[in-house]
Amino acid sequence: MERIVLGIDPGTLIMGYGVLRVEEARAELVTMDVLYLKRIADYNLRIRRIFDSVVEIIDRHHPDHLAIEAPFYGKNVQSMLKLGRAQGVAIAAAMSRDLSFSEYEPRLIKQYITGSGAASKEQVAAMLQMQLGFSDEPRYLDATDALAAAYCHYLQLTHPMAALHQELKPKKHKPQSRRAAWSSFIDQNPDRIG
């Protein structure tokens, strides 16, 4: 059974996209590129262009699913909000064509592609190049980031350990106060206190 997966790396200046064809347990690159939006000065027109372009990509390639990179949490709140809007518009475009979607954290995508959640964009691109056998390096790494989201979804579908993907996510621990940390140490090591 053939499936087509569209991957998107959302952005309001450059949006990457990649399309994979999945047949049996094999993935093949169909296309990857970027939507270059920097020349559009009006932010509203940029957002409209994202919507129209995603619809156009969907209509051209007829994907079965959208895999989209989740916005990462950075220090610049305005950048994060703009990224979230770009992601939301891309998802709305997919939903306007009755396309299901999955959202993947950037660290999880990197973990699936390279084995390290802290891998660089260049390492992700190199690993995809090796896995999918394409020779042309993309002009922008946003295209390979989008392809990585699609490939991550492919691995989720075909990898026998996909159900364990939650374990790959970094655990978030709340910092403890010194008093709570000391109490926890005493509870866990009663034989060392005396």
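Two residues are said to be in contact when heavy atoms of the two lie within 4.5 Å. The structure described here is a predicted model, and the contacts reported below were computed from it.

The protein chain contains six helices and five strands. Along the sequence, these elements follow the pattern β-β-β-α-β-α-β-α-α-α-α. The protein chain has 194 residues, of which 42% count as buried. Among contacts between residues at least 6 apart in sequence, 61% join residues that are at least 24 apart. The surface exposed by the protein chain amounts to about 11,700 Å², and carbon and sulfur atoms supply 51% of this area.

Thr 12 lies in the loop between β1 (2–9) and β2 (14–23). The relative accessible area of Thr 12 is 9%. Because the limit for a buried residue is under 20%, Thr 12 counts as buried. When residues up to four places away in sequence are left out, Thr 12 touches Leu 37, Tyr 43, Arg 46, Ile 47, Ile 50, Lys 82 and Ala 86.

Another loop residue, Ile 40, is placed between β3 (26–36) and α1. Ile 40 is buried because its relative accessible area, 19%, is under 20%. Ile 40 and Leu 13 are separated by 27 residues in sequence, and their C-alpha atoms are 8.7 Å apart in space. Outside the residues up to four places away in sequence, Ile 40 touches Leu 45, Arg 46 and Arg 49. Arg 46 is thus among the residues touched by Thr 12 and among those touched by Ile 40.

Two further loop residues were examined for their backbone angles. His 62 has a positive phi of about 50°, although it is not a glycine. This residue is located in the loop between α1 (43–61) and β4 (65–69). With a relative accessible area of 56%, His 62 is exposed, because the limit for an exposed residue is over 50%. Asp 98, which is not a glycine either, has a positive phi of about 55°. The loop that holds Asp 98 runs between α2 (77–96) and β5 (100–104). Asp 98 is exposed as well, with a relative accessible area of 75%.

Helix packing was examined next. Two packed helices are described by the angle between their axes and the distance between the axes. Helix α3 (residues 106–114) packs with α4 at an angle of about 40°, and the two axes are 9 Å apart. At this angle, α3 is oblique to α4, because angles from 35 to 65 degrees are neither roughly parallel nor roughly perpendicular. The crossing of α3 and α4 is left-handed. On the α3 side, the contact is made by Lys 110, Ile 113 and Thr 114, and on the α4 side by Gln 123, Val 124, Met 127 and Leu 128. Sorted by class, the residues of this contact are four nonpolar, two polar and one charged.

Helix α4 (residues 121–132) also meets helix α5 (residues 141–158): their axes come within 9 Å and cross at roughly 60°. The helices α4 and α5 are therefore oblique to each other. Their crossing is left-handed. The residues of α4 in this contact are Lys 121, Glu 122, Val 124, Ala 125, Leu 128, Gln 131 and Leu 132, and they meet Leu 141, Thr 144, Asp 145, Leu 147, Ala 148 and Tyr 151 of α5. The contact of α4 with α5 comprises eight nonpolar, two polar and three charged residues. Val 124 and Leu 128 of α4 take part in the contact with α3 and also in the contact with α5.

Tyr 151, located in helix α5, was considered in its own right. With a relative accessible area of 8%, Tyr 151 is buried. Tyr 151 and Leu 20 are 131 residues apart in sequence, but the distance between them in space is 7.3 Å, C-alpha to C-alpha. Leu 20 is one of the residues that Tyr 151 touches, when residues up to four places away in sequence are not counted; the others are Ala 27, Ile 113, Leu 128, Gln 131 and Leu 132. Among these, Leu 128, Gln 131 and Leu 132 belong to the α4 side of the contact with α5, while Ile 113 belongs to the α3 side of the contact with α4.

How values were computed. Residues numbered from 1 in each chain as written. Predicted model: local features only at pLDDT ≥ 70, side-chain atom pairs only at ≥ 80, totals over all residues. Heavy atoms only, no water. Helix = DSSP H or I, 4+ residues; strand = E, 2+ residues; numbered from the N terminus. Buried < 20%, exposed > 50% of the residue type's maximum accessible area, 1.4 Å probe, protein only. Areas by Shrake-Rupley, 256 points an atom, 1.4 Å probe, with all protein chains shown as cover. Axes fitted to C-alpha atoms, helices over the stretch in contact; angles between N-to-C directions. Parallel < 35°, antiparallel > 145°, perpendicular 65-115°, else oblique. Left-handed = near helix turned anticlockwise from the far one by under 90°. Nonpolar A, V, L, I, M, F, W, Y, C, P; charged D, E, K, R; others polar.
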